[in-house]
Structure formats: structure tokens, C-alpha cells
Amino acid sequence: MSNDNINVFQTQPYRWQGIDELIYKNEDGNPSFKDVTRHKLFSENDPQGFEVRYFEVSPCGHTTLEKHEHIHIVIPIRGSGFCLVGSEIVKLEVNNLLHVPSWQWHQFRASENESLGFMCLVKVERDRPTLPTIEEINKLKENKAVAEFIRTKN
Ligand code: MN
């Protein structure tokens, strides 16, 4: 959707009128993820503009472990979970604010017993995520807490 929709109604909790559920990510580059949905809520028609997405991760699900140049501004609005940012594991709670800086490894995980839903702000024009090599995964796993947290195919 674009800016010409002044007001969009919520049709049920965490779902909005005319906004379809999208595939979280295609399998390009063999990313690893589990039980994630994506909704594109707002996107400016300007490449320099902003886009707001809503992601929902089911209990025990996770997003892809990735890094990229563009930043994320994340606002959890449902449930709870955790996010790896760099080498830090951050607890995500509703209405907290999370900043994922440029080129920091990040991966979101929902709690075991509730979904994690979060708004994520990005620039419209942004680089593609980079996935970790086996060497990079091994390096990340030198940190014990990170090793226990991350979910990858390798
Ligand atoms: Mn990302």
C-alpha cells in the first residue's frame, strides 16, 4: 500500500484491511527460518523513503540470521521473544524499542509459549541481507550464549 490510504483499519488483532500476508523470505541463498509471517503495512513511493513491515514469529520460531548495511528500527507489539544483535541477546517486550545497527548479525526468536510480533522500519531502497558462512557461524559460536541462541542450517 502507499501513502494515498489515509487510514487503514485493523480487521482482527494484528491484521489490517487489504494487507495480505506475504512469504517472509524466499529461499534465495538458502536462508534458515521457521514460522514467520510478513505484512508490508506502509511503503513510500520514494526510494529514499521508509517502509514499515509487521513480522510475526510463532512460538519457537525464528527469523534468518543475517546482516546488511541498512538498519532496522524494531518495535515489538505482540508477545515476547529475543533478538541477537551483534553478540548481545536482547529481551523483546511490547513497546520497547530495538535498534539494529549496520552490519550487525541479527536473528529474532519468539518465546516458547507465545508469538512475537514486531513492527520493523527500513528504508525502501536497501541492500540485500548477507548470510553467515560456516566460518562466520563458527566465529559467532565462540560466544557460548550466542552459540546456544542462534538457529542455522549449518
Ligand atoms: Mn535484517
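This report describes a predicted model of a protein chain with a manganese ion, moving from the overall fold to the metal site, the strands around it in sequence, and the charged pairs.

## Overall fold

The protein chain holds two helices and 10 strands, and their order along the sequence is β-β-β-β-β-β-β-β-β-β-α-α. The radius of gyration of the protein chain is 15 Å, close to the 15 Å that the globule rule gives for 154 residues, so the chain is as compact as a globular protein of that length. Along the principal axes, the C-alpha trace of the protein chain spans about 50 × 35 × 25 Å.

Of the 154 residues in the protein chain, 39% are buried. The accessible surface of the protein chain amounts to about 8800 Å², and carbon and sulfur atoms contribute 49% of that area. Among the contacts in the protein chain with a separation of 6 or more, 65% are between residues 24 or more positions apart.

## The manganese site

Which residues coordinate the manganese ion? The donors come from Glu66 through OE and from His68, His72 and His106 through NE2, at 1.9 to 2.2 Å. Along the chain, these donors of the manganese ion follow the spacing E-x1-H-x3-H-x33-H. His68 lies in the loop between strand 5 (50-62) and strand 6 (72-85), whereas His106 lies in strand 9 (residues 106-110), so this pair ties together parts that are 38 residues apart in sequence.

Both His68 and His106 are buried. Two of the metal donors, His72 and His106, are also touched by Val100, a residue placed in strand 8 (residues 98-100). Val100 has a relative accessibility of 0% and therefore counts as buried, the cut-off being under 20%. Apart from residues up to four places away in sequence, Val100 touches Ile71 and Val85 as well as those two histidines. Val100 and Glu135 are 35 residues apart in sequence, and their C-alpha atoms are 22 Å apart in space.

## Strand 10 and its partners

Strand 10 (residues 116-123) is mostly covered, with six of its eight residues buried. Strand 10 runs antiparallel to strand 5, to which it is joined by eight bridges, and Arg53 stands opposite Cys120 in strand 10. Strand 6 also runs antiparallel to strand 10, and six bridges join these two; here Gly79 stands opposite Leu116 in strand 10.

Ile77, whose place is in strand 6, offers a view of the contacts made from that strand. Leaving aside neighbours within four places in sequence, Ile77 is in contact with Gly117, Phe118 and Met119, and also with Tyr14, Tyr54 and Val94. Ile77 and Glu93 are 16 residues apart in sequence, while the distance between their C-alpha atoms is 7.8 Å.

## Salt bridges

How many salt bridges does a search of the whole structure find? The search finds seven. Side chains of opposite charge can pair when their charged atoms come close.

One of the bridges joins the side chains of Glu56 and Arg78, at 3.0 Å from N to O. Glu56 lies in strand 5 and Arg78 in strand 6, so the pair ties together parts that are 22 residues apart in sequence. Glu56 is buried, with a relative accessible area of 11%, whereas Arg78 is partly exposed at 28%. Salt bridges that share partners join Arg15, Glu56 and Arg78 into one network.

Another bridge connects the side chains of Asp35 and Lys34, at 3.4 Å from N to O. Asp35 counts as partly exposed at 41% relative accessibility, and Lys34 is likewise partly exposed, with a relative accessible area of 37%. The side chains of Lys139 and Glu142 also meet in a salt bridge, at 3.7 Å from N to O, and both Lys139 and Glu142 are exposed.

Methods
Residues are numbered from 1 along each chain as its sequence is written. This is a predicted model: local features need pLDDT of at least 70, side-chain atom pairs count only at pLDDT 80 or more; totals for chains, interfaces and linings use all residues. Side-chain values use heavy atoms; hydrogens and water are left out. Donors are N, O and S atoms within 2.8 Å of the metal (3.2 Å for Na, K and Ca); water is not among the atoms, so sites may look incomplete. Helices (H or I, at least four residues) and strands (E, at least two) are DSSP runs, numbered from the N terminus. Buried means under 20% relative accessible area, exposed over 50%, partly exposed in between (1.4 Å probe, protein chains only). A salt bridge is a side-chain nitrogen of Lys or Arg within 4 Å of a carboxyl oxygen of Asp or Glu. The radius of gyration is taken over C-alpha atoms; the globule rule is 2.2 Å times the number of residues to the power 0.38. Contact means heavy atoms within 4.5 Å. Accessible areas come from the Shrake-Rupley method with a 1.4 Å probe; for residues, only the protein chains shown count as cover. Two strands pair if DSSP finds at least two bridges between them.
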